[in-house]
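Student: I have a model open and a few quick questions. Can you walk me through it?

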Amino acid sequence: VEFRFMKHNILYDYKKIDEAIELLKKAVKAFPDHETKFMTHLAYLYKKKNVYDEGLEIIDGLWEKYPDDLDILNKKIYWHMYLGQKEKSLNTAKQLTERNPNNGNFHDSYGEALTEFGEYEEALKEFKKALELEPFGWFSYNSYLQMAKCYKGLGKYDLAKKSLKEGEKAIHTTFCCADMRKEWKQKRDKVLAEIEELEAKK
């Protein structure tokens, strides 16, 4: 199993997505006990190819098969979000946080979906709840970035910048690989540039 994922990562890094897809399809048949992990990766390979319907179909199939695995339900939020399905995404997020209200990551996911669809005030409530439950959660740096987007959307630029500074702290205190740090900083710089542009216009 580990060798399959190692090869998957190599193929992914070299953008050989179709080969990676075939690898995972064969791996699922060879190692059915690891179906959820293999199929989840397969879904994201379809996302890489912008074939979102195929990815959602995989996630829906997993949820139907494993209805007690809330991590799969969490993934459904994002797939509906990728497809622009606001009502389905937010309803799924609400269902998730109702089933497990004490999981900070689930509130973070709800907040991200709300942010995506411009519901900034409600999103901030979810992010604050996520950080209240797990102030040092692995997702916390993302929560602060998303909060900054919300404050930017609400015209509260000072609070947006403050959130980005908190995110900068969080990214150095949570388990986060170098690539994720680099990606986060690129997103932060983009938000900061947008804030500066809006401030200049104001």
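Tutor: We'll take the overall fold, then the pocket, then a few single residues.

Student: Ground rules before that?

Tutor: This is a predicted model, where local features need pLDDT of at least 70, side-chain atom pairs count only at pLDDT 80 or more, and totals for chains, interfaces and linings use all residues. Residues are numbered from 1 along each chain as its sequence is written, and side-chain values use heavy atoms, with hydrogens and water left out.

Student: How many helices and strands does the chain have?

Tutor: The chain has 11 helices and 0 strands. Those labels are DSSP runs, numbered from the N terminus: H or I of at least four residues for helices, E of at least two for strands.

Student: What radius of gyration does the chain have?

Tutor: The chain has 18 Å, which agrees with a compact globule of 202 residues, since that would be near 17 Å. The radius is taken over C-alpha atoms, and the globule rule is 2.2 Å times the number of residues to the power 0.38. The C-alpha trace spans about 55 × 35 × 30 Å along its principal axes.

Student: What share of the residues is buried?

Tutor: Buried residues are 43% of the 202. Buried means under 20% relative accessible area, exposed over 50%, and partly exposed in between, with a 1.4 Å probe and protein chains only.

Student: On to the pocket. How much space lies in the largest one?

Tutor: About 2100 Å³. Of its 44 lining residues, Y44, Y82, M180, E183 and K187 are the closest to the centre. On a 1 Å grid over the protein atoms alone, a pocket is an open set of points where a 1.4 Å probe fits, with protein on both sides within 12 Å along at least five of seven lines; lining residues have an atom within 4 Å of a point. Points are joined across faces, edges and corners, and the volume is the space filled by probe spheres set on them.

Student: Which helices supply at least two residues of that lining?

Tutor: α1 (2-13), α3 (35-48), α5 (70-82), α7 (104-116), α9 (140-153) and α11 (178-201).

Student: And what is the lining like by class?

Tutor: It has 16 nonpolar, 13 polar and 15 charged residues. Ala, Val, Leu, Ile, Met, Phe, Trp, Tyr, Cys and Pro count as nonpolar, Asp, Glu, Lys and Arg as charged, and the others, Gly among them, as polar.

Student: Let's look inside α9. Is S140 buried or exposed?

Tutor: S140 is in helix α9. S140 counts as buried because its relative accessibility is 1%. Leaving out residues up to four places away in sequence, S140 touches L131, P135, A170 and T174. Contact means heavy atoms within 4.5 Å.

Student: What about K152, buried or exposed?

Tutor: K152 is buried, because its relative accessible area is 19%. K152 is also in helix α9. Beyond four places in sequence, K152 touches Y157, A160, V191, E194, I195 and L198.

Student: Change of topic: backbone. What is phi of K15 near?

Tutor: Near 60°, a positive value in a residue other than glycine. Most residues other than glycine have a negative phi. K15 is in the loop between α1 and α2 (17-30), and K15 is exposed at 66%.

Student: And what is phi of N50 near?

Tutor: Near 65°, again positive in a residue other than glycine. N50 is in the loop between α3 and α4 (52-65). N50 counts as exposed, at 55% relative accessibility.
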